[in-house]
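Reader: Could you take me through the packing and the backbone of this model, one question at a time?

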Amino acid sequence: MKRLLQTSLVVFSLSGIALQAEDEYENAPIRYSDTEPNDAAQRLERLMAAGKVKIDRTDAWTVLRDVMKHFDIPPESQTMVFSKTSKQNDRISPQTPRVVYFGDNAYVGYALGGSIEVSTIDPKLGPIFYLLDPHEEPQKPLHFQRDNSCLSCHGGPFTPEVPGVIVRSVYPGPEGHPIMSQGSTVVDTTTPFSDRWGGWYVTGRHGSVLHRGNVTATEKNDQSIDIDFEKGANIASLAKFFDTTPYPRKTSDIIALMVLEHQTSVQNILTKANHTSLRAMHMQTSLQRELGEKIESEPTGTARRIIDHCAEDVVEALLFKDEAELPEGGIEGDPAFQTAFTKRAPQSSDGRSLKDFQLLNRLFKHRCSYMVYSLTFQHLTAPLKQTVFNRLWTVLEGKDTTGNYGYLTDTERAHIRRILAETLPGAPAGWKKTLAAK
């Protein structure tokens with residue numbers, strides 16, 4: 001991630017224009033706010049307007065259910081957050097948590113009585129943020145209202161510096177307000193288990209290692225806090241914390257939470273790498289045009305170095321580099337989520353999938369992220385995507401000389417190669433030929 005920030009600065013120096021980092025995505029060639037999105041929310045709204053899709057508007061939950069169905073979001077993905085760290089803070093508390101659901105390319109959130117928060121992925125722009133009022137008068141059409149105010153949190157250092165989706169772990173006070181003196185953690189695949197889920201409800205088993213979920217803290221005069229993490233450990237039922245009656249599902253599954261954290265962090269790395277690479281190529285083309293040189297479609301010089309760095313960040317994220325270990329004995333969650341998550345996973349000829357869970361000392365059996373199937377990965381700018389492919393295959397064939405990927409065994413790399421060669425859309429033809437030759 002640090003390399004991505006550094007390479008962005010190189011692009012700035014080439015342009016000769018001093019820009020604030022948070023404004024990068026508002027400038028050419030991204031133009032985030034000025035560009036009409038091409039995402040699932042826009043497509044669904046057009047279908048509703050044409051009368052081709054009807055949403056059950058009996059109540060907010062039926063609206064949410066039908067929207068999720070069209071975004072391919074399983075209800076079993078439900079997680080619950082009670083910290084006041086989102087758009088509708090006045091509706092969120094330890095007694096009235098906000099529910100969050102996710103699919104591979106879309107996210108929705110809902111706080112009781114409020115609007116439905118939506119984030120759907122545009123292949124180039126990244127996540128697009130909307131509010132949908134489920135209580136709109138029946139004679140009026142449902143409308144996804146684009147809400148760029150979300151970028152105050154979802155477009156700055158937390159993401160980092162690109163429109164992004166995040167899972168934060170805080171120290172919540174009794175009402176759910178984050179205790180600011182204690183800071184917060186943006187959770188990704190590398191975050192230690194013990195630092196996760198502050199301000200979230202968590203159901204599932206995880207042995208003796210404690211996390212921050214399910215409990216609140218009290219700040220003392222010396223700015224230290226009182227908090228009992230043991231009270232939040234290995235929880236099967238949330239009923240002792242709040243009235244679960246209004247919620248269709250009663251869980252905030254530990255495995256769903258870990259998948260969400262992995263997915264959001266990889267999504268942000270993909271978005272960052274793509275934006276940075278697009279700017280590098282845009283700058284290269286602009287300079288070549290100004291100097292009267294031939295316009296090259298392949299990156300050279302500085303652009304080449306930038307894209308190489310971006311590709312390495314992507315490969316590290318895809319291959320779970322520095323993944324935090326699970327507690328001894330592993331974790332146990334809701335089988336319903338695992339079934340829903342793996343239901344349509346692409347499988348190799350020997351029945352393996354990148355969504356196969358392991359859950360003993362790591363999250364997945366095959367440490368290559370299913371986010372290679374995501375919209376953002378599939379639409380990476382061509383020079384970046386080709387560089388990622390080349391670097392990824394070098395590692396998976398055991399030809400990497402850096403030593404950074406020694407945690408992948410020969411057997412695991414072989415399984416990943418087969419899965420990718422047989423299931424990944426747009427995979428280089430040489431991958432299958434290489435596989436057949438072995």
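Author: Helices (H or I, at least four residues) and strands (E, at least two) are DSSP runs, numbered from the N terminus. With that convention, and bearing in mind that this is a predicted model, the threonine 159 to proline 160 bond can be placed: proline 160 sits in the loop between α4 (151–154) and β7 (168–170).

Reader: What is the omega of the peptide bond that joins threonine 159 and proline 160, and what is omega for the bond from alanine 28 to proline 29?

Author: Proline 29 belongs to the loop between α1 (2–15) and α2 (40–49), and the bond that leads into this proline from alanine 28 is cis, with omega near 5°. The bond between threonine 159 and proline 160 is also cis, and its omega is about -10°.

Reader: Is arginine 31 buried, partly exposed or exposed?

Author: Arginine 31 lies in the loop between α1 and α2 and, although it is not a glycine, has a positive phi of about 50°. Since buried means under 20% relative accessible area and exposed over 50%, the 42% relative accessibility of arginine 31 makes this residue partly exposed.

Reader: What is the relative accessible area of asparagine 214?

Author: Asparagine 214, found in the loop between β9 (200–201) and β10 (218–219), is not a glycine either, yet has a positive phi of about 75°. This asparagine is buried, and its relative accessible area is 5%.

Reader: How are α5 and α6 oriented to each other, roughly parallel or roughly antiparallel?

Author: Two packed helices are described by the angle between their axes and the distance between the axes. Here the axes of α5 and α6 come within 9 Å and cross at roughly 170°. Angles over 145 degrees count as roughly antiparallel, and therefore α5 and α6 are roughly antiparallel.

Reader: Into which classes do the residues of the contact of α5 with α6 divide?

Author: On the α5 side the residues include His262, Val266, Leu270 and Gln284, while Ala303, Ile307, Asp313 and Leu318 are among those of α6. The residues of this contact divide into 13 nonpolar, four polar and one charged.

Reader: Which helix gives the largest share of the largest nonpolar core?

Author: This core has 107 residues, of which Phe71, Phe144, Val259, Phe377 and Leu420 touch the most other members. The largest share, 14 residues, comes from helix α5 (residues 254–290).

Conventions:
Residues numbered from 1 in each chain as written. Predicted model: local features only at pLDDT ≥ 70, side-chain atom pairs only at ≥ 80, totals over all residues. Heavy atoms only, no water. Core = buried A, V, L, I, M, F, W, Y, C linked by side-chain atoms within 4.5 Å. Buried < 20%, exposed > 50% of the residue type's maximum accessible area, 1.4 Å probe, protein only. Axes fitted to C-alpha atoms, helices over the stretch in contact; angles between N-to-C directions. Parallel < 35°, antiparallel > 145°, perpendicular 65-115°, else oblique. Contact = heavy atoms within 4.5 Å. Nonpolar A, V, L, I, M, F, W, Y, C, P; charged D, E, K, R; others polar.
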